[in-house]
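Could you walk me through this structure while I have it open in my viewer? I would like to know what to select at each stop and what I will find there.

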Amino acid sequence: MTDKTFPSWPDVAAQLVEVAAGRRPADTIITRGIWVNVHTRECLPDHDIAIAAGRIAFVGPDASHCRGDNTQIIEAKGRYMVPGLCDGHMHIESTMLTPAEFARAVIPHGTTSAFTDPHEIANVLGLNGVRMMHDEALMQPINIFTQMPSCAPSAPGLETTGFEITAEDVAEAMAWPGIIGLGEMMNFPGVSNADPQMLAEIAATQRANKTVGGHYASPDLGPAFAAYVAGGPADDHEGTCEADAVARMRQGMRSMIRLGSAWYDVKTQITAITEKGLDPRNMILCTDDSHSGTITNEGHMNRVVRHAIDCGCDPLIALQMATINTATHFGLEREIGSLTPGRRADVILSSDLKTLPVEMVIARGEVVAEDGECRVDCPHYDWPDTARSTVNMARDLAAEDFDIPAPEGANAVTANVIGVVENQAPTRALKFELPVTEGRVQATGEVCQIALVERHRATGTVTNAFVSGFGYEGRMAMASTVAHDSHHMIVVGTDAEQMALAANRLREVGGGIIIFRDGEELALVALPIAGLMSDRPAAEVAADAEALVQAMIDCGCKLNNAYMQHSLLALVVIPELRISDLGLVDVQKFEIIPLLEPQT
């Protein structure tokens, strides 16, 4: 059953009424469970749930009057009956999986609803790519709602994307059946300065009565933030401290706090609830970016809920933040997010609220997972060749493409260097004194070289710069066509020859992530769809991703999930310093700056 055919509440209201009254048998009854009511924040023992047409018809101490000869009985055996979990903000492309394989991976973890912004593929394939993601999402046995990407490019004038998203594209997409709103509005300076296109995209969304996603990645909570809120974004996930969460909630936004593969922003913000005592209904849990290894081995939204509880949050409040709060924010409180009549029958059975083991998952009234195993088919979209041929480099690269010439006569230079921060998306703007050999600037010590290789229009452009913080040693290079948000190719390395080998190999396989050391390929995650995703099973992709992480460690990197930091080095809307195909970008000032400081 897909979203296109799943009946609405009005379509089946008569059937639900008949079942609730006992005049017609339920399709399924879950018996003798503890009802986790997220509306009232109660746990009510010895309750039953009667289900018909994929929706909840009745919840009460005894549903025997709803039982018929063919009614399926699921024994809860005193376990908690929890609403299916909702991810309030995420990008399926970051999992390295297609929507179908994402669904297969997260269903056993209890995720039954996801609000996804496919702006990664929008940068590579434009509106057509968004439509492909949207269409495969609607084919799944769980609820995957699509937010129409708002910013491709994310910062006009500072990067070049494969395609651009226009206000007309946004207005068109608002009529698609699976579009729930506008994806994160990353061009926060544009909104704060009343950019006509940004405001037109927001207006098209508001006029369609849909939700505008936010992305305010600046620490400035003064007039610029006030102007951004006045522009219309309704939520934000870029906060990193308690003051960020408080400011957003006080201004009527939802504060989305994230735990991804490398974004650990829950602990520092949930204190607004646990210590400051603010109303928790305005806070939402999300993942933002989690790769396949994290999902397969650690979990998805169940991992986030457990982490919030470990950070001192009451389990029922944490569950509200991953269910009803999310549903309410997107205008779906009458559709998902709670175990109450009329809502989609998305239920988790769990024996403990604090550790939240997911023992059975029911979605739309069907058992979709049990004991960690997915029990349903997740249909695949037929991705065309145009989506599988997107690494358009002008030519194979050579070591010389990564040369950084020094000013004539210089023996050393002062370079602007991107500083990686562990477990956070922001970077630091650093300065290092670097040596010059034979007229070329050399990376040395903790500084590596970084290059952005243009891969959309085969221009042959290679932009070179420096990065610090990975800790790489020896002759190595790591390359990735996952390079948020423009998704050119990012190459980081200590040796130009290894950088060329890595870039050329990704050109050969059609995209992915790769590590070379001493001329040998150590690890490869092939991502042939838009250079972002694989349609292989999640477990296989996760195994490749784990091998990649190990290869990074073998090359000297000790950062937690540093692949995520690598993939965001070109994200020119998060401070402080980034790289694009146009040069080195100061995200505090939103301008291109020189790589080398002027000689004095």
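Here is a tour in five stops, going from one sheet to another and then to the empty spaces.

**Before we set off**

Please keep in mind that this is a predicted model. Residue numbers start from 1 along each chain.

**Stop one: the three-stranded sheet**

Select strands E11, E12 and E13, which form an open sheet in that order, with parallel pairing. At its edges you will find E11 (235-236) and E13 (283-286), each pairing on one side only. Now bring in helix H8, which packs on this sheet and touches E11, E12 and E13. The direction of H8 makes about 150 degrees with that of E12. For a closer look at the pairing, show E11 with E12 (residues 254-258): two bridges join these parallel strands. Pick Asp236 and look across to Ser255, its bridge partner in E12.

**Stop two: Asp244**

Stay with H8, which covers residues 242-250, and select Asp244 within the helix. Is Asp244 buried or exposed? With a relative accessible area of 8%, Asp244 is buried. Next, show the side chain of Asp244 together with the backbone of Thr240: a polar atom of that side chain lies 2.9 Å from the backbone nitrogen of Thr240. Which residues does Asp244 contact beyond its neighbours within four places in sequence? Select Leu221, Gly239 and Gln269 to see them.

**Stop three: the nine-stranded sheet**

Move on to the open sheet of nine strands, whose order is E20-E19-E18-E22-E21-E24-E23-E25-E26 and whose pairing is mixed. The edge strands here are E20 (440-441) and E26 (520-526), each with pairing on one side only.

Zoom in on E23 (residues 476-480) and E25 (residues 512-517), an antiparallel pair with five bridges. Met478 makes a good landmark, as its bridge partner in E25 is Ile515. Then turn to the other neighbour: E25 and E26 are also antiparallel, and six bridges link them. Select Gly512 and you will find Ala526 of E26 opposite. The hairpin of E25 and E26 has two residues between the strands, and in this hairpin Asp518 takes a positive phi near 50 degrees.

**Stop four: two helices across the strands**

Add helix H14 (residues 496-509) to the view. H14 lies across E21 (447-453), E23, E24 (489-493), E25 and E26. Relative to E25, H14 runs at about 145 degrees. Now add helix H15 (residues 538-554), which lies across E23, E25 and E26. H15 runs at about 145 degrees to E26.

**Stop five: pocket and cavities**

Keep H14 on screen and bring back E20, since each supplies at least two residues of the lining of the largest pocket. How much space lies in the largest pocket? The volume is about 320 Å³. Its lining consists of 16 residues, and those nearest its centre are Asp403, Arg440, Gln442, Gln449 and Ala496.

To finish, look for enclosed space. A probe the size of a water molecule, rolled over the atoms, shows where space is left empty. How many cavities of 30 Å³ or more does the structure hold? There are four, and the largest cavity has about 100 Å³ of space. Select His91, Glu184, Asp288, Asp289 and Leu571 to find it: of the 18 residues lining the largest cavity, these are the closest to its centre.

Conventions. Predicted model: local features only at pLDDT ≥ 70, side-chain atom pairs only at ≥ 80, totals over all residues. Heavy atoms only, no water. Helix = DSSP H or I, 4+ residues; strand = E, 2+ residues; numbered from the N terminus. Buried < 20%, exposed > 50% of the residue type's maximum accessible area, 1.4 Å probe, protein only. Polar contact = N/O pair within 3.5 Å; in protein donor to acceptor, adjacent residues only side chain to side chain. Contact = heavy atoms within 4.5 Å. Pairing = 2+ DSSP bridges. Axes fitted to C-alpha atoms, helices over the stretch in contact; angles between N-to-C directions. 1 Å grid on protein atoms, 1.4 Å probe; cavity = no way out; pocket = protein on both sides within 12 Å on 5 of 7 lines; lining within 4 Å. Points joined across faces, edges and corners; volume = space filled by probe spheres on them.
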